[in-house]
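Q: Here is one chain, to be gone through with the terms and their cut-offs in hand. What do the words used for it rest on?

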Amino acid sequence: MSQYQYIEIAPTKVDDSPSTIRSAIRPCTDLPVPGYEKTFCSESVILSHLSRRGQSQKRWRDPRGLFGYSKDSEYKDLYAYFDYGDKTSPVNELATKALAMYGLGGAMGEPDWGCIRGTVVLDERLEPDTNFCPGLTYNPKMTVEEIYQTLIFFRDSKYSAREIATKRDSVRMMRGMGNRGAREGFGFGSINGQSLGGSGGGAKAFMDLINSPQSSSSLQTHYLGPTGEMRKKKQVDMDQDTCDRCGKTQALLGRKLKKCTVCQVTFYCGKECQKAAW
């Protein structure tokens, strides 16, 4: 299956047929930026290239970027570009639904940018932070099928892309702090005068502090729900529940796992995994 560094998504509707959606996903010929074929290219260079003053065929009025998750990613692996200044092209319904996770330019706040019109360009897959995602195999390139499955996953989920992203953020932060503390044996220091403990209880201490009334808003970035409510430790713990068969977490699947009715201990993501395990 062919892999690409850059992929674009033409305007699609949520009720389009599979063949129509697949035909809208294709390699992007406007990138890489000339002269950056084998070297790192910053966001500012790409935005300039996609704008009216650049060499790209897109000639967008106001190109902007967005973080996102692909279907099976444990970290924010996607970065998408679209024309925020486009007010006349058809709404890209599927891309809007799948990428409505964060604010513009990598801001971690609410997706307050409205809808995406016209084509979306996906940059090469972002590299994970090994402190928070240890052991992941990194592949910067994407396939058309991966992007198709991502669009369908967020289209069909009963949870919004924002809700799923919030769950994954929380799990990644908790796992990262626990793994790093245990690996390096350091304490998490203190915030607001409160100790975060050492490697044995750093992650729990951090979560306790996050859920305390004294916690500052800057500490709650990854622990606020999509409507602004505080996510409790129990909610974050539940998002780490893992299917005993396929190994995917509740946060990754975007839905609640079901506890086995026989043993009342293990969790499964569905009947297929449960049958395979038994």
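**Contacts and burial in the chain**

A: Among contacts (heavy atoms within 4.5 Å) in the chain between residues at least 6 apart in sequence, 57% join residues at least 24 apart. The model is predicted, so local features need pLDDT of at least 70 and side-chain atom pairs pLDDT 80 or more, while totals for chains, interfaces and linings use all residues. Residues are numbered from 1 along each chain as its sequence is written, and side-chain values use heavy atoms, with hydrogens and water left out.

Q: What share of the 278 residues of the chain counts as buried, and what makes a residue buried?
A: The share is 45%. A residue is called buried under 20% relative accessible area, exposed over 50%, and partly exposed in between, with a 1.4 Å probe and protein chains only.

Q: How many helices and strands does the chain have, and what makes a run one or the other?
A: There are nine helices and nine strands. Both are DSSP runs numbered from the N terminus: a helix is H or I with at least four residues, a strand is E with at least two.

**The sheet**

Q: What makes strands β1 and β2 a pair?
A: Two strands pair if DSSP finds at least two bridges between them. Three bridges join β1 (residues 7-9) to β2, so the condition is met. The two run antiparallel, and isoleucine 9 has isoleucine 25 of β2 as its bridge partner.

Q: How do you know that β4 pairs with β3 and with β5?
A: β3 and β4 share six bridges, and β4 shares two with β5 (residues 120-122). Both counts satisfy the rule of at least two. The pairing is antiparallel in each case. Proline 63 is bridged to aspartate 83 in β4, and alanine 80 stands opposite leucine 122 in β5.

Q: In what order do the five strands of the open sheet lie, and why do β2 and β3 stand at the edges?
A: The order is β2-β1-β5-β4-β3, with antiparallel pairing. β2 (25-27) and β3 (63-68) each have a single partner strand, so one side of each is left without a neighbour in the sheet. The twist averages 30° from one strand to the next; such angles run from 0 to 180 degrees between the N-to-C directions of axes fitted to C-alpha atoms, for helices over the stretch in contact. Helix α2 (residues 43-50) packs on the sheet, touching β3 and β4 (78-83), and its direction makes about 30° with that of β4.

Q: What makes β4 mostly covered?
A: Six of its six residues are buried. Leu78, Ala80 and Phe82 lie on one side, with Tyr79, Tyr81 and Asp83 on the other. In a regular strand the side chains alternate between the two faces of the sheet.

**Around leucine 50**

Q: Why is leucine 50 called buried or exposed?
A: Leucine 50 is found in helix α2. Its relative accessible area is 0%, so it is under the limit and counts as buried. Beyond its neighbours within four places in sequence, leucine 50 is in contact with residues including Trp60, Pro63 and Tyr81.

Q: Which classes do serine 51 and arginine 59 fall into, and why?
A: Both lie in the loop between α2 and β3. Serine 51, at 4% relative accessibility, counts as buried. Arginine 59, at 45%, falls between the two limits and so counts as partly exposed. Arginine 59 also has a positive phi of about 50° although it is not a glycine.

**Empty space**

Q: What makes one space a cavity and another a pocket?
A: On a 1 Å grid over the protein atoms alone, a cavity is a set of points where a 1.4 Å probe fits but cannot get out; a pocket is an open set with protein on both sides within 12 Å along at least five of seven lines. Lining residues have an atom within 4 Å of a point. The largest cavity has a volume of about 60 Å³, and about 390 Å³ of space lies in the largest pocket. A volume is the space filled by probe spheres set on the points, which are joined across faces, edges and corners.

Q: How does the lining of the largest cavity divide by class?
A: Eight of its residues are nonpolar, one is polar and none is charged. Ala, Val, Leu, Ile, Met, Phe, Trp, Tyr, Cys and Pro count as nonpolar, Asp, Glu, Lys and Arg as charged, and the others, Gly among them, as polar. The lining includes Ile9, Leu78, Leu122 and Thr150.

Q: Which residues lie nearest the centre of the largest pocket?
A: Ser70, Asp72, Ser73, Asp77 and Arg125 do, out of 19 lining residues. By class, that lining has four nonpolar, seven polar and eight charged residues.
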